[in-house]
Amino acid sequence: MFDRINRILRINRIAFALGFWFCATAVSAALNISNAYYSPRNKERSVRKETQLIILHTTEAPSKSALPKLRDMGECHYCLDEAGRVYRIIDSRRVAFHSGRSMWNGKSDVDNFSVGIEVCGYHNKPLSPTQMRALAELIGELRRMYKIPDYNVLAHSHVAYGIPNKWQTKNHRGRKRCGMLFAMPSIRAQLGLKLRPLKDPDVAAKRLVIGDPELAQVLYGALSAFQLGAAAPQAQVPLPPPPPPKPTGPYATIGVNGTARDIVGVAVWSPSVFYIYPDGKYKSGDQITAEEVLKLPYGTKVLQGYAIGGPVLASSPPSAICGNRWRASTTFYLISGTLTPGDKVDDKKIPAGTMLFFKKN
């Protein structure tokens with residue numbers, strides 16, 4: 001009896017593995033997909049429970065800079081370079097972090113139910129015929145594999161949304177114009193897509209408001225992405241929001257000063273970068289995963305070029321931990337979840353067990 005059960009379990013495991021292999025290779029067999037930029041993040045990513053959407057992105061950068069970043073961060077499933085070559089980044093069955101803050105038809109975290117394709121190009125510039133042919137083939141294969149209808153092939157700008165800020169008071173559609181040319185009927189026709197969504201389901205349901213009227217026209221109206229990109233100054237197309245302000249003090253804050261990538265660039269995983277969460281917990285860059293980097297909560301403090309010392313004890317005062325830097329304004333004591341600078345701390349009231357962060361030499 002037990003032998004029979006074990007045989008069944010072994011057969012199921014083999015069948016699952018074969019199914020996984022088939023999904024990973026079926027597309028590449030038809031398109032000759034390269035693994036030259038296969039991401040080391042694959043082993044960290046879970047298998048999606050469902051696949052309802054294909055999300056199309058534009059890198060807004062050339063392939064020589066886009067492909068290494070996509071590989072390092074595991075930010076899409078496939079990428080097409082300028083010559084139409086297709087690269088696998090994350091296995092198509094696993095989760096790739098390509099949509100960021102996103103929602104479609106009331107479901108948030110679009111990454112959990114979508115495949116993401118990055119195209120090396122720009123949201124308001126035509127793609128080359130070679131890219132269009134390769135993209136049409138890739139979309140066709142993925143649609144057949146996952147049984148995805150035309151109207152569920154969307155641009156990133158369809159699903160991205162923003163939270164309230166100084167320009168918008170509500171959750172709003174219009175956080176990105178990424179991939180918006182893929183909403184145009186003429187472009188979709190070249191990709192073999194006959195249907196497209198005619199309205200934003202989340203705006204219609206009042207979950208979101210329109211934050212970028214011109215983008216909404218491109219996605220659901222008649223204004224061309226190319227017309228928008230080439231609009232003359234008198235057309236009064238609003239400029240995108242300015243970049244996040246640079247920090248004015250020794251540390252930066254997630255949300256106020258942008259994302260971790262905005263703040264420290266490629267040093268997000270450096271051991272000399274520390275993330276102090278709003279709840280008072282902390283991690284260094286070499287302790288944080290790619291998923292955690294992308295989902296750092298608003299208000300997280302970021303220290304770059306720091307070392308950590310402590311805990312402060314009667315037998316180990318601050319001066320013994322970091323020398324004469326213990327009083328510096330750039331040294332921080334983590335007290336009750338708050339960073340207190342060294343020149344503001346009351347040395348007689350530093351709780352035992354306090355950790356401190358000080359600038360490395």
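The following exchange examines a predicted model through its overall make-up, aromatic pairs, salt bridges and backbone features.

Biologist: How many helices and strands are there in the protein chain?

Modeller: The chain has 361 residues, of which 46% count as buried. Its accessible surface comes to about 18500 Å², with 56% of that belonging to carbon and sulfur atoms. As for secondary structure, the protein chain contains 11 helices and 18 strands.

Biologist: Among contacts between residues at least 6 apart in sequence, what percentage join residues at least 24 apart?

Modeller: Contact here means heavy atoms within 4.5 Å. Among contacts in the protein chain that satisfy the separation of at least 6, the share joining residues at least 24 apart is 67%.

Biologist: Why is the pair formed by Phe 274 and Phe 357 assigned its class, and which class is it?

Modeller: A pair of aromatic rings is described by the distance of the centres and the angle of the planes. Planes over 60 degrees apart count as edge-to-face. The centres of Phe 274 and Phe 357 are 5.3 Å apart and their planes stand at 65 degrees, so the pair is edge-to-face.

Biologist: Which strands does this pair link, and how many residues apart are Phe 274 and Phe 357?

Modeller: Both Phe 274 and Phe 357 are buried. The pair links distant parts of the chain, with Phe 274 in strand 12 (residues 273–276) and Phe 357 in strand 18 (residues 355–359). The two are 83 residues apart.

Biologist: Which residue forms an edge-to-face pair with Phe 357 at 5.6 Å centre to centre?

Modeller: In this pair the planes stand at 90 degrees. The partner lies in strand 13 (residues 282–284), 75 residues from Phe 357. Phe 357 has 0% relative accessibility and therefore counts as buried, whereas its partner, at 32%, counts as partly exposed. That partner is Tyr 282.

Biologist: Which ring has Arg 41 over its face, and which residue forms a salt bridge with Arg 41?

Modeller: Arg 41 counts as buried because its relative accessibility is 16%. It lies at 4.2 Å from the ring centre of Trp 269, over the face. In its salt bridge, the closest N and O atoms are 2.8 Å apart. The ring is that of Trp 269, and the salt-bridge partner is Glu 44.

Biologist: What separates Glu 141 from Arg 144 along helix 3?

Modeller: Glu 141 and Arg 144 form a salt bridge, with 3.1 Å between the closest N and O atoms. Glu 141 counts as partly exposed at 21% relative accessibility, and Arg 144 as exposed at 57%. Because they are 3 residues apart in helix 3 (residues 129–146), their separation is about one helical turn.

Biologist: Are Arg 173 and Asp 200 buried or exposed?

Modeller: The side chains of Arg 173 and Asp 200 meet in a salt bridge at 2.7 Å, N to O. Arg 173 lies in strand 9 (residues 172–173) and Asp 200 in the loop between helix 5 (185–190) and helix 6, so the pair ties together parts 27 residues apart in sequence. Buried means under 20% relative accessible area. With 4% for Arg 173 and 8% for Asp 200, each is buried.

Biologist: Which residue in helix 4 is in contact with Arg 173 and Asp 200?

Modeller: Leaving aside neighbours within four places in sequence, the contacts of this residue include Met 103, Trp 104 and Tyr 220, besides Arg 173 and Asp 200. At 1% relative accessibility, it counts as buried. The residue, which lies in helix 4 (residues 156–159), is His 158.

Biologist: Where is the nonpolar surface patch that contains Tyr 298, and which residues form it?

Modeller: Tyr 298 lies in the loop between helix 10 (290–294) and strand 14 (301–304). Its relative accessible area is 55%, so Tyr 298 is exposed. The patch has about 280 Å² of accessible area together, and its members are Ile 163, Val 256 and Tyr 298.

Biologist: What is the phi of Lys 206?

Modeller: Lys 206 lies in the loop between helix 6 (201–204) and strand 10 (209–210). Lys 206 is exposed, with a relative accessible area of 76%. Its phi is positive in a residue other than glycine, near 65 degrees.

Technical notes. Residues are numbered from 1 along each chain as its sequence is written. This is a predicted model: local features need pLDDT of at least 70, side-chain atom pairs count only at pLDDT 80 or more; totals for chains, interfaces and linings use all residues. Side-chain values use heavy atoms; hydrogens and water are left out. Rings of Phe, Tyr and Trp (its six-membered ring) pair if their centres lie within 6.5 Å; planes under 30 degrees apart count as stacked, over 60 as edge-to-face and the rest as tilted. Helices (H or I, at least four residues) and strands (E, at least two) are DSSP runs, numbered from the N terminus. Buried means under 20% relative accessible area, exposed over 50%, partly exposed in between (1.4 Å probe, protein chains only). A charge sits over a ring if NZ of Lys or CZ of Arg is within 6 Å of the ring centre and within 35 degrees of the ring normal. Patches are made of residues with over 30% relative accessible area and no salt bridge: like charges are joined within 9 Å, nonpolar side chains (Val, Leu, Ile, Met, Phe, Trp, Tyr) within 5 Å. Accessible areas come from the Shrake-Rupley method with a 1.4 Å probe; for residues, only the protein chains shown count as cover. A salt bridge is a side-chain nitrogen of Lys or Arg within 4 Å of a carboxyl oxygen of Asp or Glu.
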